[in-house]
Amino acid sequence: MKIAVINGSPKGEYSITLQSVKYLALRYPEHTFDVFSANQIIFAKEDKLTCLKEQIESADALLFSYPVYTFIAPSQLHRTIEIFKEEHFSLTGKIATQITTSKHFYDITAHNYVKENIFDLGMHYVRGISADMEDLLTKRGQADLEQFFEHFLFCVDHSLYLERREAPQRSRVDLSLPESIEKVEATFDTSALDVVIVTDCTDENSNLARMISYFRSIAPFSVRVENIAEYPLKGGCLGCFRCAVSGKCVYTDGFDTYLRERIQKASAIIYAFTVRDHSMGSRFKMFDDRQFCNGHRTLTTGMPVGYLVEGALASEENLRTIIEGRAEVGGNPLCGVVTDETSPEKPIENLVRELLYVMEKGYTTPANFYGVGGMKIFRDLIYQMRGMMRADHKFYKKHGIYDFPQKKWPTSLKMYLVGMLLSNEKIVKKMGNTMNDGMLAPYRKFLSKVKPKD
Ligand SMILES: Cc1cc2nc3c(=O)[nH]c(=O)nc-3n(C[C@H](O)[C@H](O)[C@H](O)COP(=O)(O)O)c2cc1C
């Protein structure tokens with residue numbers, strides 16, 4: 001089989017993920033693996049792009065090989081997918097799958113994103129493989145990879161493909177928002193508040209521009225717009241890890257300072273984008289990836305966020321998960337996600353009200369699975385890489401993020417005792433409700449002292 005490998009890693013030949021593809025090429029020499037890097041496609045001039053298009057179109061199957069980057073794929077792969085669509089790459093009926101390496105932090109949303117786009121391009125999908133960065137160097141990892149590929153071949157032989165369950169719906173309305181608008185009432189002094197809207201909106205007549213404008217007109221606090229489409233970003237994150245020690249990016253476009261001074265110091269952030277290819281689009285993704293200069297430090301914990309989204313977000317479950325996941329991992333209260341699928345006036349007013357409440361009261365909620373699970377992955381990763389990820393390590397120590405279970409030895413000891421008791425049939429029979437009583441004892445003691453709030 002002739003397989004076109006789309007290498008989405010900005011590291012090109014130095015990609016760790018690509019080494020898994022090379023392994024497959026060595027193990028299965030009866031198949032050909034032609035590698036096309038995202039950078040090659042993005043920067044190709046017209047003739048070159050036509051040539052690459054023909055080569056990719058001549059393959060039997062496509063294999064997307066890329067690292068997971070900030071919940072999805074590197075901005076370079078997002079741009080590549082945009083080009084496939086803009087240039088009408090004829091891929092219908094081909095079979096596609098994916099290989100990623102990562103630390104498994106939101107690998108699921110990355111895979112869903114690529115899967116959705118494979119469907120958009122009219123291809124059949126076979127489930128991909130999400131490997132840890134180091135898996136290829138273990139016997140188990142090599143076996144997993146071989147099994148993945150053999151399963152892929154089996155699916156191709158028997159036409160066992162995954163198909164899109166339903167076509168996304170787009171119930172777009174052209175917005176016309178009222179002309180004279182009153183500000184939402186604030187019950188506290190909002191003069192010191194500085195809310196920033198981060199957007200890549202370039203069309204003044206778009207629904208997104210109208211939503212931004214409406215938000216600004218009713219907000220009883222200062223609202224700045226930072227348009228990242230206009231910011232002179234020199235390129236997407238290169239994955240070079242040079243920022244690991246100092247937090248300084250190798251690019252000299254001043255983005256790290258811009259991020260810290262103009263965005264992270266705000267009282268709240270509103271992200272405003274248009275849904276593109278089941279994500280926020282390659283420009284926004286570039287902005288997100290470049291935030292890697294902050295490493296894995298949750299620098300804006302407690303800062304409220306909100307979203308103004310143009311597009312059919314209701315049918316974008318994966319993108320909604322990403323929005324929630326990002327807020328949860330960052331410890332940012334998510335004050336609302338407004339779309340233009342239905343009239344957004346009331347939802348924008350509600351978003352402003354919720355922002356006001358959160359900014360006044362400092363309201364936060366404990367992280368759910370998205371946040372707790374994500375931070376556990378980061379905790380283990382940074383501890384292991386503390387020699388290199390020095391800025392992250394310092395931050396994690398300072399903020400008590402190293403909450404390893406092995407440090408909780410009194411609880412472990414208690415569990416040994418309970419385990420010993422439970423393994424004795426006679427004791428279990430006599431116990432009755434003693435265990436439940438024992439578990440509730442500290443809560444009962446605490447609740448017995450609680451007084452009504454003044
Ligand atoms: C900007 C950036 C963002 C990343 N985001 C994630 C992530 O969201 N989840 C994860 O598990 N790993 C993440 N990683 C780690 C990479 O996925 C991992 O290092 C991968 O193996 C690199 O593969 P490559 O050498 O093929 O580019 C990120 C790395 C960088 C540089």
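Begin by selecting T70 together with the ligand in this predicted model: a backbone N or O atom of T70 lies 2.9 Å from a nitrogen atom of the ligand. Keep the ligand displayed and add T17, where a polar side-chain atom comes to 2.5 Å from an oxygen atom of the ligand, and then H104, which places a backbone N or O atom 3.2 Å from an oxygen atom of the ligand. With the protein surface switched on, one can see how the ligand is covered, since the protein takes up 94% of the 640 Å² of accessible area that the ligand has on its own.

Next, display the pocket surfaces, and the ligand will be found in the largest pocket. Select the 20 residues around the ligand, among which S9, K11, S15, I16 and T17 come nearest. Coloured by residue class, this shell separates into 9 nonpolar, 8 polar and 3 charged residues.

Now turn to the secondary structure by selecting helix 1 (16–27) and strand 4 (95–102), each of which supplies at least two residues of the shell around the ligand.

Finally, zoom out and colour the protein chain by domain, using domain 1 (2–158), domain 2 (194–369) and domain 3 (408–447). The shell around the ligand draws at least three residues from domain 1 and at least three from domain 2. To end the tour, select domain 1 and domain 3 together, whose centres, taken over C-alpha atoms, are separated by 51 Å.

Conventions
Residues numbered from 1 in each chain as written. Predicted model: local features only at pLDDT ≥ 70, side-chain atom pairs only at ≥ 80, totals over all residues. Heavy atoms only, no water. Near = heavy atom within 4 Å. Polar contact = N/O pair within 3.5 Å; in protein donor to acceptor, adjacent residues only side chain to side chain. Areas by Shrake-Rupley, 256 points an atom, 1.4 Å probe, with all protein chains shown as cover. 1 Å grid on protein atoms, 1.4 Å probe; cavity = no way out; pocket = protein on both sides within 12 Å on 5 of 7 lines; lining within 4 Å. Sits in = over half its atoms within 2 Å of the grid points. Helix = DSSP H or I, 4+ residues; strand = E, 2+ residues; numbered from the N terminus. Nonpolar A, V, L, I, M, F, W, Y, C, P; charged D, E, K, R; others polar. Domains from an automatic or database assignment.
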